[in-house]
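Hi there,

Here is the structure I promised to pass on. Have a look at it first, and then read on for my notes.

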Amino acid sequence: MRRWGGLFLLPILFVFFLNACEEEESASPGPPEKHSRVYTLNEKYIIRGVANLLKEKGYADPKVDTEKGTVETDYIPAGNVRTKVVVTVKKLNQREREVTLLITTEKKVKEGWKAIKILEKPQYDKFFDEIEMQTYRELAKGY
């Protein structure tokens, strides 16, 4: 199972490298989009699963705030592009938790950093699938 975890990182890195080689107009400007999915898992395991998944993907020491239900990374640079991930877990009711994923990608420009959009819904869906799988792994550990 662990081998499959690296497969998620490959498409993102590929997109980053393609983006670094293309003209500036190829990436959509503007703020990143938030995407959400509802799970019927305990938020403790979701947060732990997200933090461990991000560590596996190369994000060193994600900041976990269990009271706010957030997991946040620092920016990770890749050439002239940098990426930051923020995941929020919100309790909807006794059984359901809404997980919101915000991936911010910025490109280096003369004036500083400019927000760009390079990920679409299928990439977010793949990330959510990875979160779900990692959460079940955390649940199986039990502690």
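Please keep in mind that this is a predicted model.

Let me start with the overall layout. The protein contains three helices and eight strands, and their order along the sequence is α-β-β-α-β-β-β-β-β-β-α. There are 143 residues, of which 39% count as buried. If you take the contacts between residues at least 6 apart in sequence, 61% of them join residues at least 24 apart.

Next, the inside. How many cavities of 30 Å³ or more does the structure hold? There is one, and the space in this largest cavity comes to about 60 Å³. Its lining is made up of Pro32, Glu33, His35, Ile103, Thr105, Ile116, Lys117, Ile118, Leu119 and Tyr124. Two elements give two or more residues to that lining, namely strand 7 (97-109) and strand 8 (112-117).

Now for a stretch that I enjoyed looking at, beginning with glutamate 72. This residue sits in strand 4, which covers residues 70-72. With a relative accessibility of 28%, glutamate 72 falls between the 20% limit for buried and the 50% limit for exposed, so it counts as partly exposed. Its side chain makes a polar contact with the side chain of lysine 84, at 2.9 Å. Beyond its neighbours within four places in sequence, glutamate 72 is in contact with Pro62, Lys63, Lys84, Val85 and Val86. You can also check the C-alpha atoms of glutamate 72 and valine 87: they are 6.4 Å apart, while the two residues are separated by 15 residues along the chain.

Threonine 73 belongs to the loop between strand 4 and strand 5 (76-78). Is threonine 73 buried or exposed? It is buried, because its relative accessibility of 2% is under the 20% cut-off. The side chain of threonine 73 reaches the backbone nitrogen of valine 85, and the distance there is 2.9 Å. Leaving out residues up to four places away in sequence, threonine 73 touches Leu54, Tyr59, Pro62, Lys84 and Val85.

Isoleucine 76 is a residue of strand 5. Its relative accessible area is 31%, and on that basis isoleucine 76 is partly exposed. Not counting residues up to four places away in sequence, the residues touched by isoleucine 76 are Gly58, Tyr59, Val81, Arg82 and Thr83. From the C-alpha atom of isoleucine 76 to that of alanine 60, 16 residues away along the chain, the distance is 9.0 Å.

On to rings and charges, since you may want to look at these in your own viewer. Arginine 82 lies over the face of tyrosine 75, and the distance from the ring centre is 4.0 Å. As for aromatic pairs, the count comes to zero.

There is also a backbone detail to point out. Which residue has a positive phi although it is not a glycine? Aspartate 61 does, with a phi of about 45°. You will find aspartate 61 in the loop between helix 2 (43-56) and strand 3 (63-65). Aspartate 61 is exposed, because its relative accessibility of 63% is over the 50% cut-off.

Two other residues round off my notes. Lysine 34 is in strand 2, which spans residues 34-39. Its relative accessible area is 61%, so lysine 34 is exposed. Setting aside residues up to four places away in sequence, lysine 34 touches Thr100, Leu101 and Leu102. Valine 87 comes up again here: its C-alpha atom is 9.5 Å from that of lysine 34, with the two positions 53 residues apart along the chain.

Glycine 142 lies in the segment after helix 3 (121-141). At 37% relative accessibility, glycine 142 counts as partly exposed. The C-alpha atoms of glycine 142 and tyrosine 45 are 9.0 Å apart, and these residues are 97 residues apart along the chain.

Happy to talk any of this through with you.

Best wishes

Methods
Residues are numbered from 1 along each chain as its sequence is written. This is a predicted model: local features need pLDDT of at least 70, side-chain atom pairs count only at pLDDT 80 or more; totals for chains, interfaces and linings use all residues. Side-chain values use heavy atoms; hydrogens and water are left out. Helices (H or I, at least four residues) and strands (E, at least two) are DSSP runs, numbered from the N terminus. Buried means under 20% relative accessible area, exposed over 50%, partly exposed in between (1.4 Å probe, protein chains only). Contact means heavy atoms within 4.5 Å. A polar contact is a pair of N or O atoms within 3.5 Å; within protein, one must be able to donate a hydrogen and the other to accept it, and residues adjacent in sequence count only if both atoms are side-chain atoms. Rings of Phe, Tyr and Trp (its six-membered ring) pair if their centres lie within 6.5 Å; planes under 30 degrees apart count as stacked, over 60 as edge-to-face and the rest as tilted. A charge sits over a ring if NZ of Lys or CZ of Arg is within 6 Å of the ring centre and within 35 degrees of the ring normal. On a 1 Å grid over the protein atoms alone, a cavity is a set of points where a 1.4 Å probe fits but cannot get out, and a pocket is an open set with protein on both sides within 12 Å along at least five of seven lines; lining residues have an atom within 4 Å of a point. Grid points are joined across faces, edges and corners, and a volume is the space filled by probe spheres set on the points.
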